Amino acid sequence: NRGHALTMELTNGYFSLNGRPFFLYSGEVHYFRIPKTQWRARLTALKKAGFNTVSTYIPWSWHEPEEGRIDLTGETHPERDVMTFLDTAKSLGLFVSARVGPVSNAELVNEGIPGWLLSGYPDVFVTGRRNVGNLPHVTILSYLHPVFQEKVSRWYDALLPGVVQRQTTRGGNVLAVQLCNE
């Protein structure tokens, strides 16, 4: 039963879940690329393939396409309802590895950083504005820049409470959270 609190630990190079050896067997599913009506079928297929965990990016750019308008519940687009995606995975007995950014790669434009941040606040780049086209891994931001910290803090303040309440330590299914891409 995944309704009670579970704790994952890394001991001697191995994962354990509530003190028992645990092999985290994860497949990547990007809910934002799949019609919401197909989420359950895709997650069911993942489970039938023998996976126990789904890993997914939660792209900042997808959920805050306009500055200050964060949608995590599907108000502006059904595929932005990330909390329902997490809950659907739980209903199927799947754990979740939530990849919360701010950088998401996943072949996303600007590696998942919102376009409004890059166009409106070019000083958040480490070397200032550069014209590099859509090459991968070139959105080099200053994580210490006060504007970047302010904007990403707002993103995390909106996203993380929903992720936290779904953690395995609170009876949910979010087993791991990964910052940035890699």
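These legends walk through several close-up views of one predicted model.

The model is predicted, so local features are described where pLDDT is at least 70, side-chain atom pairs count only at pLDDT 80 or more, and totals for chains, interfaces and linings use all residues. Residues are numbered from 1 along each chain as its sequence is written, and side-chain values use heavy atoms, with hydrogens and water left out.

**View 1. A three-stranded open sheet with antiparallel pairing.** The strands come in the order S1-S2-S3. Helices (H or I, at least four residues) and strands (E, at least two) are DSSP runs, numbered from the N terminus, and two strands pair if DSSP finds at least two bridges between them. Strand S1 (8-11) and strand S3 (20-21) are the edges; each has a single partner strand, so one side of each has no neighbour in the sheet. S1 and S2 run antiparallel and are joined by four bridges. Look for Thr-11, which stands opposite Tyr-14 in S2. Strand S2 (residues 14-17) also pairs with S3 in the antiparallel sense, over two bridges. Here Ser-16 has Pro-21 of S3 as its bridge partner, while Leu-17 has Arg-20 of S3. Strands of a sheet pair through backbone hydrogen bonds, either parallel or antiparallel.

**View 2. Turns of the two hairpins.** The hairpin of S1 and S2 has two residues between the strands, and Asn-12 takes a positive phi near 55° there. S2 and S3 form a hairpin too, with two residues between them. Which residue in that turn has a positive phi of about 50°? It is Asn-18, a residue other than glycine. Most residues other than glycine have a negative phi. At 43% relative accessibility, Asn-18 counts as partly exposed (buried means under 20% relative accessible area, exposed over 50%, partly exposed in between, with a 1.4 Å probe and protein chains only).

**View 3. A four-stranded open sheet with parallel pairing.** The order of the strands is S4-S5-S6-S7. At the edges stand strand S4 (26-28) and S7, each with a single partner strand, so one side of each is left without a neighbour in the sheet. From one strand to the next, the twist averages 20° (axes are lines fitted to C-alpha atoms, for helices over the stretch in contact, and angles run from 0 to 180 degrees between N-to-C directions). S5 and S6 pair in the parallel sense over five bridges. One pair to find is Thr-53 and its bridge partner in S6, Phe-95. Helix H5 lies across S6 and S7, and runs at about 175° to S6.

**View 4. Helices H1 and H3 crossing.** The axes of helix H1 (residues 39-48) and helix H3 (residues 82-91) come within 10 Å and cross at roughly 40°. H1 and H3 are therefore oblique to each other (angles under 35 degrees count as roughly parallel, over 145 as roughly antiparallel, 65 to 115 as roughly perpendicular and the rest as oblique). Which residues make the contact? H1 brings Trp-39, Arg-40 and Leu-43, and H3 brings Thr-84, Phe-85, Thr-88, Ala-89 and Ser-91. Contact means heavy atoms within 4.5 Å.

**View 5. The buried residues of helix H3.** These are Val-82, Met-83, Phe-85, Leu-86, Thr-88 and Ala-89. They pack against H1, strand S5 (53-57), helix H2 (60-63), S6, H5 and strand S7 (174-179). Just after H3 comes Gly-93, with a positive phi near 80°.

**View 6. Tyr-156 and its surroundings.** Tyr-156 is placed in helix H5 (residues 146-164). Is Tyr-156 buried or exposed? At 17% relative accessibility, Tyr-156 counts as buried. Leaving aside neighbours within four places in sequence, Tyr-156 is in contact with Val-100, Gly-101, Pro-102, Pro-161 and Leu-179. Trp-60 is 96 residues from Tyr-156 in sequence, with 9.2 Å between them in space, C-alpha to C-alpha.

**View 7. The loop between S6 and H4.** Pro-102 lies in this loop, which joins strand S6 (95-101) and helix H4 (115-120). The peptide bond from Gly-101 to Pro-102 is cis, with omega near 15°. Most peptide bonds are trans. Ala-106 lies in the loop between S6 and H4 as well. Although Ala-106 is not a glycine, its phi is positive, about 55°. Ala-106 counts as buried, at 4% relative accessibility.
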